[in-house]
Amino acid sequence: MKPSLLPSLLLALTLICSSCIRETTFSDTPEGNFEALWRIIDRQYCFFDYKSAQYGLDWDDIYQRYKQRLSPTMSSRALFQVLSEMLLELRDGHTNLISTAQTSYYTKWYDDYPANYSDTLQRIYLGTDYVTTSSMQYKVFQDNIAYLRYASFSSAISEGGLDAILSDVSLCDGLILDIRNNGGGLLTNSEKIAARFTNEKTIAGYMFHKTGYGHNDFSSPITIYTTPANSRVRWQKPVVVLTNRRTFSSANDFVCRMKQLPNVTIIGDRTGGGSGLPTSSELPNGWSVRFSACPMFDADMQQTEFGIDPDIKVDIQSADFNQGIDTIIEAARQYLHKKIAQ
Amino acid sequence: MPTFNYHFSDMCRALTLLISLTLCLFVHAQSDSARITRVTSYGVGYANVLDTYLSPLEYTGPELRAMRESIRRVTIAHQPVYRQSLFQLNASILDNPAKTGSEIYLLANWNYTWLKPLLTQSRFSVSAGPQLAANIGMLYNARNSNNPVQAKAYINAAISGMATYQTHLMGHPLHLRYQLSVPLLGLMFSPEYGQAYYELTLSHNWSRNICFTSPHNQPAIRQLISADFPIGKLSLRLSYLFDLQQSEVNKLKSHAWSHTIMLGFIKQFTLTPYFPRQ
């Protein structure tokens, strides 16, 4: 290149490179915030087609219906009401609208179903002689069945803690792992615990992500594996995982993983689902919005957004509850004894 | 803005060629002058940062920046060339327009530049040449749940130009300088549009996460205006930096614009060869 051309080239590049890369902006008005929220979900939400097939979700129709409810002078509280109701149409427990004053939640995934879990019953079963290790409580029942309670996948667990628990109950005939009312947390904890129940690398499911703005712009699937925790204590006897409708998100992922393993049986109610990995964004008025962005499928490439059926469906019976009996735990004990006898 | 998909191996080959050519220049460089000018500057400014992976809103706030520049004249292929090494660290604490969310932006930048004199007069000179630039940093959003951080990592082959003018102000020498740098080609890390970092840990195929960049998707520019002057026994540099870093890859838009005023301390020294006694 001739030296004299360099300044000209630099000048041209300077002009080209001074153009700004910006995102489309919306005004901080009821209409601007509505448009921003609708567009964020339209571009990034990951279950439009699935939910359209399941219950007729039509995001364009929702735009028309909810836009009519806006007015330039509406209060912030009224706007929050409209926008949160619009998000409820997604029927997604991972979707929240968050202002400084309040947070919206979709709760029908468990509100419309039996609780199938009781703190009162859990206190009766755990008693006072349980052990707490790595955010898990456990004890050995009189029939030599170990009962392990994990309340949240957000709670930290360590490999050493899992070693200690599984070593401590190693003489038991079977294990009940209770993740009812476990609303999820870290997927890495799901992976870490499931790794203690398999001797072989097993396909746990698949994950996709959006690659563009269209409702169907998805990547090719990434395979998710459950890899055995080598050089660690691994459980080799029958296991029952207890579930209810509030077994959600990472806990749902854990059930997805465990269902593929040979010694594992799921007992209780259908899980609450929540198979979309959530992401966050925000509106011009500073409200935050959270929603599902990356769909996860089970090993048979089936959606689990609306839950996973148990192998054995059991509900807590009122008569049992009144006598301090957890029908689901008792069903698990009976199942394990039958399995051991075989 | 159009986006192009290139095969990862092609991009690597292109970059390897680019780096090799640059290294050839470096290898053939010979020290011509032992006189080195080194400037350490500190500054404050104002930053405007956008990354649509984290938020569609532009975050703004104060910026702190430190810069260390070293420049020396060398000879390449019997031609005099100025070899400049410039390292910068900048940090910003930013708020969204409604002041309900905050972000922290950190970036380290290193530029290695060869400037060939194109025009040399008694007071005025113009030089230009190639530059290698490496950047690494992160943008952290304090309230996002599963997407709290965006990593920043990119390398560029750039072109840089410099104009200098020597004058006097109230009897004291004043050295004015303007330098600009524009990236031409590069590689940039970026997650895909809706890709979670969790998924990146599961995948062994990152080919779509290393993106080819050029001014069509990375129209970036750095402009530095400085004035060097003595005060007593000190040589100081007062400078203004306009740093416009922006990109649009994998349908993710990002920019970090900043205006920074800096005060620097100039040190000039000469390397003396040392021959130990036999």
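Q: What share of chain B is buried in this predicted model, and what makes a residue count as buried?
A: Buried residues make up 52% of the 278 residues in chain B of this predicted model. A residue earns the word when its relative accessible area is under 20%. As for the outside, chain B exposes about 13,500 Å², with carbon and sulfur atoms supplying 65% of that area.

Q: What is the secondary structure of chain B, and in which order do the elements run?
A: Chain B comes to 2 helices and 11 strands. From the N terminus on, the order is α-β-β-β-β-β-β-β-α-β-β-β-β. Among contacts between residues at least 6 apart in sequence, 64% join residues at least 24 apart in this chain.

Q: Why is G32(A) called buried?
A: G32(A) has 5% relative accessibility, and the cut-off is under 20%, so G32(A) counts as buried. This glycine lies in helix α2 (residues 30-44) of chain A.

Q: How do you know which residues G32(A) touches?
A: A contact needs heavy atoms within 4.5 Å. Not counting residues up to four places away in sequence, G32(A) touches F26(A), S27(A) and P284(A). There is also a distance to add for N285(A): G32(A) and N285(A) are 253 residues apart in sequence, and their C-alpha atoms are 9.1 Å apart in space.

Q: Why is R91(A) called partly exposed, and what is its phi?
A: Partly exposed covers the range between under 20% and over 50%. R91(A) has 39% relative accessibility, so R91(A) counts as partly exposed. Its phi is positive, about 50°, although R91(A) is not a glycine. Most residues other than glycine have a negative phi. R91(A) has its place in the loop between α5 (76-88) and β1 (96-98) of chain A.

Q: What makes N181(A) partly exposed, and where is its place?
A: N181(A) has 30% relative accessibility, which puts it between the two cut-offs, so N181(A) counts as partly exposed. Its place is in the loop between β5 (174-178) and α9 of chain A. N181(A) has a positive phi of about 60° although it is not a glycine.

Q: What makes β2 and β12 of chain A edge strands?
A: The sheet comes before its edges: 7 strands of chain A form an open sheet in the order β2-β3-β4-β5-β8-β9-β12, with mixed pairing. β2 (131-133) and β12 (312-313) each pair on one side only, and that makes them the edge strands.

Q: How do you know that β2(A) pairs with β3 of chain A?
A: Pairing takes at least two bridges between two strands. Between β2(A) and strand β3 (residues 136-140) of chain A there are 3 bridges, so the two strands pair; they run antiparallel. Within this pairing, T133(A) stands opposite M136(A).

Q: What lines the largest pocket, and which strand gives the most to its lining?
A: The largest pocket holds about 860 Å³ of space. It is lined by 33 residues, and T37(B), Y82(B), Q166(B), H175(B) and Q268(B) lie nearest its centre. Strand β6 (residues 149-169) of chain B gives the most, with 5 residues. By class, the lining divides into 10 nonpolar, 14 polar and 9 charged residues.

Q: Which residues lie closest to the centre of the second largest pocket?
A: About 710 Å³ of space lies in the second largest pocket. Of its 40 lining residues, the closest to the centre are H94(A), G185(A), S249(A), S250(A) and R290(A). α10(A) provides the largest share of the lining, 5 residues. The lining has 17 nonpolar, 19 polar and 4 charged residues.

Q: What makes a space a cavity rather than a pocket, and how many cavities are there?
A: In a cavity a 1.4 Å probe fits but cannot get out, whereas a pocket is open. The count comes to 6 cavities of 30 Å³ or more. The largest cavity has a volume of about 220 Å³. It is lined by 20 residues, with K152(B), Y154(B), M188(B), S247(B) and S254(B) closest to its centre.

Q: What lines the second largest cavity?
A: This cavity, with about 110 Å³ of space, is lined by 13 residues, of which L86(B), N111(B), Q179(B), S181(B) and R222(B) lie nearest the centre. The classes are 4 nonpolar, 8 polar and 1 charged.

Notes: Residues are numbered from 1 along each chain as its sequence is written. Chains are lettered from A and ligands numbered from 1 in the order in which they are written. This is a predicted model: local features need pLDDT of at least 70, side-chain atom pairs count only at pLDDT 80 or more; totals for chains, interfaces and linings use all residues. Side-chain values use heavy atoms; hydrogens and water are left out. Helices (H or I, at least four residues) and strands (E, at least two) are DSSP runs, numbered from the N terminus. Buried means under 20% relative accessible area, exposed over 50%, partly exposed in between (1.4 Å probe, protein chains only). Accessible areas come from the Shrake-Rupley method with a 1.4 Å probe; for residues, only the protein chains shown count as cover. On a 1 Å grid over the protein atoms alone, a cavity is a set of points where a 1.4 Å probe fits but cannot get out, and a pocket is an open set with protein on both sides within 12 Å along at least five of seven lines; lining residues have an atom within 4 Å of a point. Grid points are joined across faces, edges and corners, and a volume is the space filled by probe spheres set on the points. Ala, Val, Leu, Ile, Met, Phe, Trp, Tyr, Cys and Pro count as nonpolar, Asp, Glu, Lys and Arg as charged, and the others, Gly among them, as polar.
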